[in-house]
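Please open the model in the viewer and follow the selections below in order.

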Amino acid sequence: MTTSDLGTSPAQPFPVQRCPFDPPAEYAAMRGTAPIVPIRLPAGRTVWAVTRHAEAQRLLTDPRISTDTTREGFPTLTGEDSRERVADTHPGMFIDMDPPEHDVYRRMLISEFSVKRIRAMRPGIEKTAHELIDAMLAGDRPADLVADFGLALPSLVICQLLGVPYEDREVFQSRTRRMVELVDAPEAARAAVMEIHGYLDDLVTRAEAEPGDDLLGRLVRERRATGELRHDELVGMMFLLLVAGHETTANMIPVSVLTLLRHPEQLAALKDDPALWPGAVDELLRYQSVVDWAAFDRMAIADIPVGDRTIRAGDGVFVLGFSANRDERAFPEPDAFDIHRGARNHVAFGYGVHQCLGQNLARAELEIALRALFERIPDLRAAADIADLPFRYGAPIFGLAAFPVTW
Amino acid sequence: MTIIADREVCIGAGQCALAAPEVFDSADDGLVELVRPHPDDADLPVVREAVALCPARALRLRDGG
């Protein structure tokens with residue numbers, strides 16, 4: 001095996017804190033140096049960071065790049081062995097599998113999240129958004145846009161879609177937050193994972209006895225009863241859908257409100273012409289890139305030349321979505337927020353076969369949530385200095401712990 | 001111009017149906033459905049965008065009918 005090119009140049013310590021509205025200053029310098037640069041993870045291992053848009057898309061579709069966390073040597077931030085981390089939770093977690101294994105699970109879910117199906121869900125999402133706004137308007141000021149709206153809306157929507165009782169939300173909301181906030185405390189994060197897992201184990205057992213008219217019930221009737229899915233695989237799939245289905249959008253909604261409040265002339269244009277919302281949502285996804293690299297940690301399983309460097313088999317590869325989405329080679333004036341940009345080719349949802357299964361649900365939720373909020377509360381504003389807001393810098397999915405708003 | 005859509009490769013992301021709804025749709029199974037397999041020249045810019053957006057690289061263009 002050839003020696004890795006990783007050792008030949010000094011590595012940037014990683015992760016680095018965002019600004020909060022822009023990527024870490026280091027990203028532009030890294031991107032200027034090369035499409036792949038070495039970064040040093042907290043536990044000391046050096047891996048490749050992918051900094052540019054074209055290479056991000058190319059590597060995320062390259063079959064020599066694996067996301068299978070059961071492989072020996074898969075990179076982790078904390079240096080723990082990924083095989084130990086996923087020992088009890090891997091079945092059905094197809095985000096951590098390569099094709100063709102991955103495709104078996106994803107294909108069971110494609111019709112549930114199709115453009116058509118999501119279009120049909122829109123009236124229900126709108127009704128939920130308006131009910132939450134009604135409650136906010138009837139309550140005390142300031143309201144917390146995170147707890148009262150940003151987290152509540154996607155949680156309600158995913159619970160209803162999957163067949164998870166919303167009154168059990170405390171089980172998964174608080175533990176999901178703990179799971180993502182404890183990136184440097186793997187044992188505590190794992191305990192949070194196992195608690196959600198235990199809850200879903202019971203829920204799936206109940207659905208196996210009495211399947212409801214929801215996604216879980218359909219999987220039980222159409223896939224579990226036929227023997228295509230085992231119980232533990234169904235639990236893993238539900239875990240992935242429930243966690244990914246609420247935490248990402250829950251962070252996007254409050255951060256997006258803040259970004260729009262900071263660009264009042266563009267917010268005014270959206271109020272005048274609601275047809276601009278779909279484009280604004282994709283620009284918010286690109287500009288904010290709340291997931292950055294967190295879903296795009298990979299490992300090479302063969303040598304891959306990139307420019308004048310080579311990723312070797314066994315090297316870790318972190319695709320920096322936030323850097324790719326601010327790459328001047330793909331987006332003119334990348335650091336400008338511009339709802340008229342019309343750029344759908346961002347990688348906020350990833351790229352390749354793992355691109356977010358729920359992306360069209362996320363787009364619909366964001367569009368409906370933001371539009372309803374500013375239509376119903378036109379003078380919505382922050383009730384604290386932006387500098388004092390509790391940004392969650394430490395969490396791999398960027399967001400706000402709370403966002404006091406008034407009107 | 002002919003569009004070739006590989007439903008074995010498609011992952012149902014729906015990017016094509018959003019970029020060029022008059023040419024692509026998502027079928028009931030969530031996978032790509034070609035509304036107009038032979039788009040007009042006027043459709044070419046959005047069709048090319050749809051091809052580039054496809055995360056699974058399931059779309060190709062071929063000259064002629």
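In this tour, helices and strands are DSSP runs, numbered from the N terminus, with at least four residues of type H or I for a helix and at least two of type E for a strand. The model is predicted.

**Stop 1: the loop before the last listed strand**

Select A:A401, which is found in the loop between β10 (381-382) and β11 (404-406) of chain A. With a relative accessibility of 43%, A:A401 counts as partly exposed. Now add A:V146, A:P390 and A:R392 to the selection: these are the contacts of A:A401 once neighbours within four places in sequence are set aside. A distance label between the C-alpha atoms of A:A401 and A:R177 should read 9.6 Å, although 224 residues separate the two in sequence.

**Stop 2: chain A as a whole**

Widen the selection to chain A, whose secondary structure comes to 15 helices and 11 strands. Its C-alpha atoms fill a box of roughly 65 × 55 × 35 Å along the principal axes. For 407 residues, a compact globule would have a radius of gyration near 22 Å, and the 21 Å of chain A agrees with this. Among the residues of chain A, 56% count as buried. Of the contacts in chain A between residues at least 6 apart in sequence, 72% join residues at least 24 apart.

Switch to a surface representation next. Chain A exposes about 16,000 Å², and carbon and sulfur atoms supply 51% of that area. Colouring by charge picks out 44 positive and 61 negative side chains in chain A, with the centres of the two sets 3 Å apart.

**Stop 3: two arginines of chain A**

Select A:R376, placed in helix α15 (residues 359-376) of chain A. Which residues does A:R376 contact, leaving aside neighbours within four places in sequence? They are A:H130, A:I133, A:D134 and A:L137. With A:H130, the side chain of A:R376 forms a polar contact of 3.0 Å. The C-alpha atoms of A:R376 and A:I133 lie 7.6 Å apart, across a sequence separation of 243 residues. A:R376 counts as partly exposed, at 29% relative accessibility.

Move on to A:R312, in the loop between β8 (309-311) and β9 (316-319) of chain A. Is A:R312 buried or exposed? Buried means under 20% relative accessible area. A:R312 has 15% relative accessibility and therefore counts as buried. Show the side chain of A:D303 as well: a polar contact of 3.1 Å links it to the side chain of A:R312.

**Stop 4: backbone details in chain A**

Display the backbone from A:F14 to A:P15, where the peptide bond is cis and omega is near -5 degrees. A:P15 lies in the loop between β1 (12-13) and α1 (25-33) of chain A. A cis peptide bond also runs from A:P99 to A:P100, with omega near 5 degrees. A:P100 belongs to the loop between α3 (82-85) and α4 (101-109) of chain A.

Then select A:E333, in the loop between α14 (321-324) and α15 of chain A. Phi of A:E333 is near 45 degrees, a positive value in a residue other than glycine. A:E333 is exposed, with a relative accessible area of 65%.

**Stop 5: chain B**

Hide chain A and select chain B. Along the sequence, chain B follows the pattern β-α-β-β-α-β. Its radius of gyration is 10 Å, close to the 11 Å that the globule rule gives for 65 residues, so chain B is as compact as a globular protein of that length. The C-alpha atoms of chain B fill a box of roughly 30 × 20 × 20 Å along the principal axes. Buried residues make up 46% of chain B. The chain B surface comes to about 3,100 Å² of accessible area, 51% of it belonging to carbon and sulfur atoms. Chain B carries 6 positive and 12 negative side chains, and the centres of the two sets lie 7 Å apart.

Within chain B, select helix α2 (residues 44-53), whose buried residues are B:L44, B:V47, B:A50 and B:L53. Their cover includes β1 (2-5), α1 (15-19), β2 (24-26) and β4 (59-62) of chain B.

The last selection is B:R57, in the loop between α2 and β4 of chain B. Phi of B:R57 is near 55 degrees, again a positive value in a residue other than glycine. B:R57 counts as partly exposed, at 48% relative accessibility.

Technical notes
Residues are numbered from 1 along each chain as its sequence is written. Chains are lettered from A and ligands numbered from 1 in the order in which they are written. This is a predicted model: local features need pLDDT of at least 70, side-chain atom pairs count only at pLDDT 80 or more; totals for chains, interfaces and linings use all residues. Side-chain values use heavy atoms; hydrogens and water are left out. The radius of gyration is taken over C-alpha atoms; the globule rule is 2.2 Å times the number of residues to the power 0.38. Buried means under 20% relative accessible area, exposed over 50%, partly exposed in between (1.4 Å probe, protein chains only). Contact means heavy atoms within 4.5 Å. Accessible areas come from the Shrake-Rupley method with a 1.4 Å probe; for residues, only the protein chains shown count as cover. Lys and Arg count as positive and Asp and Glu as negative; His and the chain ends are not counted. The place of a charge is taken as NZ of Lys, CZ of Arg, CG of Asp or CD of Glu. A polar contact is a pair of N or O atoms within 3.5 Å; within protein, one must be able to donate a hydrogen and the other to accept it, and residues adjacent in sequence count only if both atoms are side-chain atoms.
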